[in-house]
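Colleague: Hi! Could you walk me through this one?
Modeller: Sure, here it is.

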Amino acid sequence: MAGIVDAPRGFQPIKGFTGEVGRVNSYSLAAANALIGKWDLLNMTAAGVLDRAAASDVYICGAAAANAAASAGTTNFPVYDAFSQVFLAQVNNTGIVAADLNLNANIVVAAAVNGISQMEIDGDTEATTNTLPVKLLRVHRKTGNTIGANVALEVIINNHVFSGNLAGV
């Protein structure tokens with residue numbers, strides 16, 4: 001049985017490189033933010049506020065720890081923002097093979113459903129390109145989860161705004 005049931009749930013924090021689930025810090029959302037689901041990846045804008053990440057964004061700050069209505073523009077919005085945070089995310093198709101692990105990939109963005117993210121890993125974009133948003137670490141250890149359709153992978157944010165390898169926002 002390849003993969004798991006097709007049920008995208010965004011980028012769920014599961015552990016850090018040292019074992020802990022990362023910290024949650026508060027940020028301001030853009031005044032005209034997109035609908036944000038819990039576990040959506042968030043991008044820092046040039047104004048220093050967060051909005052839902054889009055494919056190929058390069059200033060990703062972390063994953064939402066709550067959901068927010070469109071144009072909420074709130075302050076004190078909780079975000080899992082540790083650059084060493086490991087996330088669990090589903091691949092959108094059968095494009096991932098074992099040789100793709102440790103490569104980078106893009107994301108697929110979709111509107112949240114019932115407050116939960118529908119973001120996924122884009123299974124057709126694996127590459128060494130350093131500007132792709134996520135790095136594919138390993139297949140998540142769960143019964144029935146193997147390389148194939150809808151496989152759940154452990155990833156880190158490849159181009160995290162706090163990683164030190166990007167130009168300033």
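Modeller: A word on terms before we start: helices and strands here are DSSP runs, with at least four residues for a helix and at least two for a strand, numbered from the N terminus. Also, this is a predicted model.

Colleague: Good to know. So how many helices and strands are there in the protein?
Modeller: The protein has 12 strands and 0 helices. Reading from the N terminus, the elements go β-β-β-β-β-β-β-β-β-β-β-β.

Colleague: In what order do the 5 strands of the open sheet come?
Modeller: The order is β1-β7-β12-β11-β8, with antiparallel pairing.

Colleague: And which strands stand at the edges?
Modeller: Those are β1 (12–16) and β8 (104–105). Each has a single partner strand, so one side of each has no neighbour in the sheet.

Colleague: How many bridges join β11 to β12?
Modeller: There are 5, between residues 134–139 of β11 and residues 152–157 of β12, and the two strands run antiparallel. As an example, Leu136 has Val155 in β12 as its bridge partner.

Colleague: Switching topic: what radius of gyration does the protein have?
Modeller: The value is 15 Å, which agrees with the figure near 15 Å for a compact globule of 169 residues. The C-alpha trace spans about 45 × 35 × 30 Å along its principal axes.

Colleague: What share of the residues counts as buried?
Modeller: That would be 49% of the 169 residues. The protein exposes about 7,400 Å², with 54% of that supplied by carbon and sulfur atoms.

Colleague: Last one: how far apart are the mean positions of the positive and negative charges?
Modeller: They are 9 Å apart, for 9 positive and 12 negative charges.

Methods:
Residues numbered from 1 in each chain as written. Predicted model: local features only at pLDDT ≥ 70, side-chain atom pairs only at ≥ 80, totals over all residues. Heavy atoms only, no water. Rg over C-alpha atoms; globule rule 2.2 N^0.38 Å. Buried < 20%, exposed > 50% of the residue type's maximum accessible area, 1.4 Å probe, protein only. Areas by Shrake-Rupley, 256 points an atom, 1.4 Å probe, with all protein chains shown as cover. Lys, Arg positive; Asp, Glu negative; His and termini not counted. Charge placed at Lys NZ, Arg CZ, Asp CG, Glu CD. Pairing = 2+ DSSP bridges.
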